[in-house]
Amino acid sequence: MSTSNTDNTDNTDQSGNNRPDDEQDTQFVYHTPGGGEMAAEGAFADEDELAPAGGWAPADFDADDFHFEFDEDEFSAPDFGDDFDDEDWEEVERSLGIVRPEHIEEALPTVAIVGRPNVGKSTLVNRFIGRREAVVEDFPGVTRDRISYLADWNGRRFWVQDTGGWDPNVKGIHAAIAHQAEVAMETADVIVFVVDTKVGITETDSVMASRLQRSQVPVILVANKFDSDSQYADMAEFYALGLGDPWPVSAQHGRGGADVLDEVHAKFPEVPRQSSIVEGPRRVALVGKPNVGKSSLLNKFAREERSVVDNVAGTTVDPVDSLVQLDEKLWKFIDTAGLRKKVKNATGHEYYASLRTRGVIDAAEVCVLLIDASEPVTEQDQRVLAMILESGKALVIAFNKWDLMDDERRWELDRELDQQLAHVPWVSRVNISAKTGRALQKLEPAMLEALESWDKRISTGQLNNWLREAIAANPPPMKNNRLPRVLFATQASTRPPVIVLFTTGFLDAGYRRYLERKFREAFGFHGSPVRVAVRVRERRQRK
């Protein structure tokens, strides 16, 4: 943009500079592409006019271009599904073509960690999965069952199977442990054979290596407890096993573990031997004190020796899970270690086994509490029951070893139940025998009923109608010469069901138990704990 004078008067001084002149009229112009000039004033002028519906629009606005007729009767009030239950949402999903699979199945390869006892298999498993899951202690025989853990390396997920120590010349419980290791080798896609660098080759290592030489799947030889470079000479003797180059690893310090995982990843087949269900089935935790028959019950359901069973209490250390198809559904049963007395005073693997059991209870959806019917109900049974109630899980009580009962013991058991289990009348009780299979078919209906109650939700309108009737029949006790008023109630959550009462004063524990009893009489919720919470409205301060 430039300026130009409108007259031809010479307004320059002797030096050629412009002189200020009040009468001079300066005009601002724009240069056009053709070499001409255009006055800046009025170059970009907006002419506005009032639109028919209010507001402002350009002069060329034509309201007919935007004339649409809507029938308000075709549009109802918005419905966000606030009062929908699970069945209503399932109907909406079906109408939209959304199909949710009941189980998620994935083809994941499996690597089995095998070796003789106390060579560091469980420590290596913890390194592979990146967390401390397997129970580890510095003496042989801690791991007894075949345990599967989900791991991820280089973007590929796979199963890592921890096994107990394998020995060819054993009997009793050790023979059952060796059998579990053999099953793991037969079903794995890759086998990791662990040996001890400090000890060298033993007779058990030689026997196991000769069996693995005939294996149809890749075998990776790992020399564990390789803590320094000075042990390379000790590692050389493992070439005699005929399984290729040994991989030096220190599972305790994390040395060489990544190299082994890279090799395992490279050995995985494109199509694993078998696919596995990774998500979907309802989780059932078998809990109780030691030696009440939890592992026997799992084996009876699974129709195989899935868990090691022995008469010695404390056989199970790590949680053992198994997918079991019953009459109605597919379930994921988890066998846990027995909870002993004075867990705080427990040491070694017993302490960590109890921690794993607590974690299984928290992750489960329904717990089956096993009680030895042939013995009196103990304080430890009460502690396990209290732990389950505190976790808020659905519950079924199974009285096992019913085949050992006589008439006198049945009369004593009825009296014990009236005295020690009177505070949980809402729990289903099933009398079973894991050894003979007595009444095992009654467990699944009881679990389904408990889970249905655990997932159940009551509408706010139904709750408040029930609440008015319950309070009218028995008003709350007075506090500080004032009668607390219950304003309204609502179910805040499920799993477990939580009922929140909004009141003007606190309700004591006895009245909350009364409301819970009335609530169960009206709505059921058999097999599921119900929590009643009180929220007191704060008083408004007077100005």
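Buried means under 20% relative accessible area, exposed means over 50%, and partly exposed lies in between. The model treated here is predicted.

**Exercise 1. Classify the two partners of a salt bridge.**

Task: Decide whether lysine 401 is buried or partly exposed, and do likewise for aspartate 372.

Solution.
- Step 1. Take the pair. The side chains of lysine 401 and aspartate 372 form a salt bridge, 3.5 Å from N to O.
- Step 2. Classify lysine 401. Its relative accessibility is 21%, so lysine 401 counts as partly exposed.
- Step 3. Classify aspartate 372. Its relative accessible area is 4%, so aspartate 372 is buried.
- Step 4. Place both in the chain. Lysine 401 sits in the loop between β18 (394-400) and α10 (407-420), while aspartate 372 belongs to strand β17. The partners are 29 residues apart, and the pair links distant parts of the chain.

**Exercise 2. Trace a network of charges.**

Task: Find which residues are joined with Arg282 into one network by salt bridges that share partners.

Solution.
- Step 1. Start from one pair. Glutamate 365 and arginine 282 meet through their side chains in a salt bridge of 2.9 Å, N to O.
- Step 2. Locate the ends. Glutamate 365 is in the loop between α8 (348-363) and β17 (366-372). Arginine 282 is in strand β14 (residues 282-287). The separation is 83 residues.
- Step 3. Check burial. Both glutamate 365 and arginine 282 are buried.
- Step 4. Extend the pair. The network joins Arg282, Glu365, Asp455 and Arg495.

**Exercise 3. Explain what a buried pair ties together.**

Task: The structure holds 19 salt bridges. One of them joins aspartate 205 and arginine 116. Which parts does this pair tie together?

Solution.
- Step 1. Read the distance. The closest N and O atoms of aspartate 205 and arginine 116 are 3.3 Å apart.
- Step 2. Assign the elements. Aspartate 205 lies in helix α4 (residues 203-212), and arginine 116 in the loop between β7 (110-114) and α2 (121-129), so the pair ties together parts 89 residues apart in sequence.
- Step 3. Classify both. Aspartate 205 is buried at 0% relative accessible area. Arginine 116 is buried too, at 12%.

**Exercise 4. Draw the topology of a sheet.**

Task: Give the strand order of the open sheet formed by three strands, then name its edge strands.

Solution.
- Step 1. Write the order. The strands run β20-β21-β22, with mixed pairing.
- Step 2. Mark the edges. β20 (486-493) and β22 (531-536) each pair on one side only.
- Step 3. Add the twist. From one strand to the next, the twist averages 25°.
- Step 4. Add the helix. α12 (residues 460-473) packs on the sheet and touches β20 and β21. The direction of α12 makes about 135° with that of β20.
- Step 5. Detail one pairing. β20 and β21 (residues 498-503) are antiparallel over six bridges. Within this pairing, threonine 490 stands opposite valine 500 in β21.

**Exercise 5. Describe the surroundings of aspartate 262.**

Task: Which residues does aspartate 262 touch, not counting those up to four places away in sequence?

Solution.
- Step 1. Place the residue. Aspartate 262 is in helix α6 (residues 257-267).
- Step 2. Classify it. With 36% relative accessible area, aspartate 262 is partly exposed.
- Step 3. List the contacts. Aspartate 262 touches Trp153 and Asn154.
- Step 4. Compare sequence with space. Aspartate 262 and tryptophan 153 are 109 residues apart in sequence, and their C-alpha atoms are 8.1 Å apart.
- Step 5. Name the interaction. The side chains of aspartate 262 and tryptophan 153 make a polar contact at 2.8 Å.

Key: Residues numbered from 1 in each chain as written. Predicted model: local features only at pLDDT ≥ 70, side-chain atom pairs only at ≥ 80, totals over all residues. Heavy atoms only, no water. Pairing = 2+ DSSP bridges. Helix = DSSP H or I, 4+ residues; strand = E, 2+ residues; numbered from the N terminus. Axes fitted to C-alpha atoms, helices over the stretch in contact; angles between N-to-C directions. Contact = heavy atoms within 4.5 Å. Salt bridge = Lys/Arg side-chain N within 4 Å of Asp/Glu carboxyl O. Buried < 20%, exposed > 50% of the residue type's maximum accessible area, 1.4 Å probe, protein only. Polar contact = N/O pair within 3.5 Å; in protein donor to acceptor, adjacent residues only side chain to side chain.
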